[in-house]
Amino acid sequence: ATTDVWTPERILESDRRYVIRSWSQQGKPAQAVVTDASGSWFTTGDGRRILDFQSQLVNMNLGHQHPKLVEAIQQAVAEMAYIGPGFAARARSELGEMIAEIAPGDLDFSFFTTGGAEANENAIRLAQHITGRQKVMARYRSYHGATLGALAATGDPRHNNGGANVPGIVRFHDPYTYRTPSGLPPEQDPACLGAPHLEEILQYEDPSSVAAIIIESITGTNGLLVPPDGYLQSLRDVADKYGIMLIADEVMAGFGRTGEWFAIDHWNVVPDIITSAKGLNSGYIPLGAMIVGDRSREWLESNKFWGGQTYAGHPLACASGVASLRIMQEEGVLENVRERGAQLDRALRAMQERYPIIGDVRGKGLFYGIELVRDRATKEPLVPFNPAGTAAKPMQQIVADGWAKGIYLSANNNVLRLTPPLVITEEELDLAIAMLDEIIGAADSRLQR
Ligand code: PLP
C-alpha cells in the first residue's frame, strides 16, 4: 500500500486484488463499495442511497446502525471483550434465559455458535449422538449453510457445485404447493401432505437408521415455500413414530421475520431442535444458536457434549443478542412486521391482478416471495431452475432495474425475494412498493405474448 487515502476506487481495487468474496468467481470488482448505512438504507461510494429490501443477507432485521444496539455493543466491549465458553458470563446466561422464554414448548437450552451453518452442524451431530443413528433426511429445495455437513444437507445445486458429500444424507421432496411434485392439487399431493411421501422414503431407507429430519420451517433462499396447514404437524408425527429428531432450521425465518418469534409458531408445532442465527441479533456480531428441548437436555445432562468453538457464545455476540431481543420487545417489532406484512401482501396481490408475469405471491410477515412466469396458465417459469449462462438474464434484469432505481433486491431461480428490515416504516414500504410496481410492470411488458 502506498497511500493512506481510501477512496471508493481504491477500496474496490484492493477488494478485487486481495479479498476472496463468497459465491463468486474472483477477479471481478464487487458490485459497489458501501460507505455508510442507517436504518433501512445504505449509501454507495458514488453517493447513491439504496433502500435495503433484502436486509443484506436477510439478517439486518433491526436495520443498519440501530443506536441502542450499537451502544449495547460498545458497553459490552468496554466491560469484557471475551471470556472462554467454559466460564459462565452474564450475557450468555441472560440470552439463554430470554430465548427460553420465547422459544416454543420445552425448547429452553441453548448452545451458541457464530452462525447458522455451525448451528446446523451441531444439531445434526447432537441428533446422531442421541439416537445412535447416522442418516439425516433433508429436502431438495433447501439451504442449510456452507460448511461441509451443512452444505451436504443443503439440497439446492450449491451442494453439488460445492462438492459437499457426506454419507447418509437422504433427500425428500418439498411442500411446494404452487408446483406439486405429483402434479396433483396440494390437498392430495403426498409431499405437500408430508407423511405419505416421507413415510415412503423412510421405508426404503429403514426408519431405524435415521437420526434427524432437518427442514426450514418456511423455506427461504430456495423459493419462499410456505408449507400448507397440517404439514409440519405431519412431519412431527412421523418423527415421533420412529424416534427421529425434528430439526427446524429457522436461521432465516426465526426471530420475528414472519410476524411470530419463530415461523413454526404459526402452526404450533414443537420441534426437537431449532437452529438460528441472523435475526437473533440482527447480525451486528456473528451469532447463531442451537436451541434444544427435554430429549436433548436429558442426554446432555448424562453425557458429554462433543462440540465447541473458541468463539462459541462470544460475550459480545451474546450481549448484542440480549440488546436485540430487548429492542424487539420494547419497540413492538413483531407488531410492525404484522402491519407492514399486511401492507406488502395487499400491494403484491394487487400487482398480481395487473401483471400476469406474477404467477404466485406467498409468504408471512416480512418474508415474501413472488414467483415469475412466462405464462400463467402453463406456469412456465420466467427462467429455468438452476439457470446457466444467459438463461438467468430476465431475473438479473429485474434485480438490476431495482438497483438502478435505488432498491436492493435478490432473486433465486424465478423467485424474487422480498425481505426488508423488520423496522421498515409505512412510508418506506410505500416507496418500495411503487418502485417494485414499475420494475415488475416493465418486466411484464418485456415478455412477448
Ligand atoms: N440455514 C438457512 C435457512 C439459511 O438461510 C442460512 C443462510 O442463509 C444458513 C442456514 C446458514 O447460515 P450462515 O450463513 O450464518 O452460516
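**A talk about the ligand shell, helix α9 and two domains**

Biologist: How do you know which classes of residue make up the shell around the ligand?

Modeller: In this predicted model, the shell around the ligand holds six nonpolar, eight polar and two charged residues. Glycine counts as polar in this scheme, so G115, G116 and G145, which are among the closest residues to the ligand, go with the polar class.

Biologist: How many residues surround the ligand, and which are the closest?

Modeller: There are 16 of them, and the closest are G115, G116, A117, G145 and V251. To be counted, a residue needs its C-beta atom within 6 Å of the ligand.

Biologist: What helix gives the most to the shell around the ligand?

Modeller: That is α5, residues 116-131, with three residues.

Biologist: Let's turn to α9. What makes H197, L198 and L202 buried residues?

Modeller: Happy to explain! A residue is called buried if 20 or more other C-beta atoms lie within 10 Å of its own. In α9, which spans residues 195-205, H197, L198 and L202 are the ones that qualify.

Biologist: Why are they said to line one face of the helix?

Modeller: Looking down the axis of α9, you find its buried residues within an arc of 130°, so they line one face.

Biologist: Which residues are exposed on the other side of α9?

Modeller: Q203 and Y204 are exposed there. The cut-off for that label is 12 or fewer other C-beta atoms within 10 Å.

Biologist: And what covers the buried residues of α9?

Modeller: The cover includes β6 (169-172), α8 (190-193), β7 (210-216) and α10 (231-242). After α9 comes D206, with a positive phi near 75°.

Biologist: Where does the protein chain divide into domains?

Modeller: Domain 1 is 31-60 + 332-446, and domain 2 is 68-330. The contact takes 25 residues from domain 1 and 22 residues from domain 2. For two residues to be in contact, their C-beta atoms must lie within 7 Å.

Biologist: Which element supplies the largest share of the side of domain 1 that touches domain 2?

Modeller: Helix α13 does, with five residues. By class, that side of domain 1 divides into ten nonpolar, eight polar and seven charged residues.

Biologist: One last thing: how do you know what confidence the predictor has in the chain and the complex?

Modeller: The mean pLDDT of the protein chain is 97, and 99% of its residues reach 70 or more. That mean is on a scale from 0 to 100. For the complex, the predictor gives an ipTM of 0.99 and a pTM of 0.97.

Methods. Residues are numbered from 1 along each chain as its sequence is written. This is a predicted model: local features need pLDDT of at least 70, side-chain atom pairs count only at pLDDT 80 or more; totals for chains, interfaces and linings use all residues. Helices (H or I, at least four residues) and strands (E, at least two) are DSSP runs, numbered from the N terminus. The arc is that of the directions from the helix axis to the C-beta atoms. Domain bounds come from an automatic or database domain assignment.
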